[in-house]
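Biologist: Could you take me slowly through one part of this structure, the largest pocket, and tell me what lines the pocket and what sits inside? I am a first-year student, so please go step by step.

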Amino acid sequence: MTMQRIAVMTSGGDAPGMNAAIRAVVRTATAQNVEVYGIRQAYSGLLSGDLERMTSRDVSGIIQRGGTVLQTARNLEFKTPQGQKRGLRRLNEHGIEGMVVIGGDGSLRGALSLHKMGFPVIGVPGSIDNDIWGTNTSIGVDTALNTILDAVDKLRDTASSHERCFLLEVMGRNCGYLATVGGILGGAEFVMVPEYPTTLEEIGKVLEHAYMVGKSHAMGIIAEGATPTTNEIADYLKSHEIGFEVRVTVLGHVVRGGSPSAFDRLLATRLGVAATQRLLAGESGVMVGLHGRDIGVVSLEDATSKQRAVAEEYVHIASLLS
Ligand code: ADP
Ligand code: F6P
Ligand code: MG
């Protein structure tokens, strides 16, 4: 028997393009006469039974919107076996036979727990961090990078006008992808990421050199999870007279917002379609992802147990071209 009713949720940190993925899931299922329920606020809404039927019309006009119309949440209870059993009970109460979970590594771990209890589930990688194993990139990464580059370009205008060094902190608690690629594409003098620690002395030398060779400004991009921290770097540079005046900008959640780029809309759409098709075809326990130019799958077990750090190649290029 084919499925009659499935659910979709977005979970973890929101990412631009999640709405495009929701739309793709709803329309793909609806085209096959399968009902879709949207679960609000991720696993929190699952546990409280906060879900509602979504028709094709309900997802009109959302492909260009950032954030997630289903909202998202972080829910500790769902990390426990008891919470997971309660979640499955809710799904059964509502006659839901399968689910697409759009989110980061933690959200996909939640999806895996449902699969392990025999509930059909497919994961879609959505996170600006690009820290999910088993896909070239995730929904939101491209838009976040474009936001960072917009900030870098603007900061450079004011930095060179005043002969200043800007330290720009971007999101990325455990993964330095955004800082590194933002640094390469924005022409930063140095990048700092959690994966490859650097010393304050090394950073000081790089910036002193930039000043002495006559650069009009300098830029360092720092992932929020890096050590030393942005403030430690700023204090060190201010007390060591590197030549440039130093200013700090923390981009914070600005990086997560905004209308998704063309790339993210297409990626999210393709992933949403593929996830739904596979779910309705009877697959479970996998995450769809971008493999080369094609959409492929890996097991949720692999996607959530393997580590994905920023490629050493990128870190090398960032320092080579600085
Ligand atoms: P992200 O999905 O962006 O990595 P989190 O790590 O905060 O974000 O995870 C989002 C939510 O997924 C958590 O709040 C929790 O409800 C659920 N989750 C995370 N880890 C697990 C786990 N090991 N088992 C079950 N659910 C989990
Ligand atoms: O995982 C996405 C992310 O934006 C990280 O880059 C960041 O460390 C974290 O979420 C911030 O979480 P919150 O939105 O709960 O402050
Ligand atoms: Mg995560």
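**The largest pocket and its two ligands**

Modeller: In this predicted model, the largest pocket is lined by 30 residues, and those lying nearest its centre are G12, R74, D105, G106 and S107. The space in this pocket comes to about 780 Å³. If we sort the lining by class, we find six nonpolar residues, 14 polar ones and 10 charged ones. Among the elements of the fold, helix α4 gives the most to this lining, with six residues.

We can now turn to what the pocket holds, beginning with ligand 1, which sits in the largest pocket. There are 15 residues around ligand 1, and the closest of them are R74, N75, D105, G106 and S107. Four of these names may sound familiar, since R74, D105, G106 and S107 are also listed among the residues nearest the centre of the pocket. Helix α4, which spans residues 105-116, provides the largest share of the shell around ligand 1, namely five residues. By class, the shell of ligand 1 consists of two nonpolar, nine polar and four charged residues.

Looking more closely at single atoms, we can follow three polar contacts that involve oxygen atoms of ligand 1. In N75 the partner belongs to the backbone, where an N or O atom lies 2.6 Å from an oxygen atom of the ligand. In D105, by contrast, the partner is a polar atom of the side chain, again 2.6 Å from an oxygen atom of ligand 1. The side chain of S107 likewise takes part, with an N or O atom 2.5 Å from an oxygen atom of ligand 1. Taken alone, ligand 1 would expose 550 Å², and the protein buries 82% of that area.

Ligand 2 also sits in the largest pocket, and the same kind of reading can be made for its surroundings. The residues around ligand 2 are R74, I128, D129, M171, G172, R173, E224, H253 and R256. It is worth pausing at R74, a residue that appears both in this list and among the closest residues to ligand 1. Sorted by class, the shell of ligand 2 has two nonpolar, two polar and five charged residues.

Three polar contacts can be followed here as well, and each of them again ends on an oxygen atom of the ligand. A polar side-chain atom of E224 lies 2.3 Å from an oxygen atom of ligand 2, while in H253 an N or O atom of the side chain is 3.0 Å from an oxygen atom of this ligand. For G172 the partner is a polar atom of the backbone, at 3.3 Å from an oxygen atom of ligand 2. On its own, ligand 2 would expose 400 Å², of which the protein buries 78%.

To draw the picture together, ligand 1 and ligand 2 both sit in the largest pocket, and R74 is found in the surroundings of each. Helix α4 gives the most to the lining of that pocket, and the largest share of the shell around ligand 1 also comes from helix α4.

Conventions
Residues numbered from 1 in each chain as written. Chains lettered and ligands numbered in written order. Predicted model: local features only at pLDDT ≥ 70, side-chain atom pairs only at ≥ 80, totals over all residues. Heavy atoms only, no water. Near = heavy atom within 4 Å. Polar contact = N/O pair within 3.5 Å; in protein donor to acceptor, adjacent residues only side chain to side chain. Areas by Shrake-Rupley, 256 points an atom, 1.4 Å probe, with all protein chains shown as cover. 1 Å grid on protein atoms, 1.4 Å probe; cavity = no way out; pocket = protein on both sides within 12 Å on 5 of 7 lines; lining within 4 Å. Sits in = over half its atoms within 2 Å of the grid points. Helix = DSSP H or I, 4+ residues; strand = E, 2+ residues; numbered from the N terminus. Nonpolar A, V, L, I, M, F, W, Y, C, P; charged D, E, K, R; others polar. Points joined across faces, edges and corners; volume = space filled by probe spheres on them.
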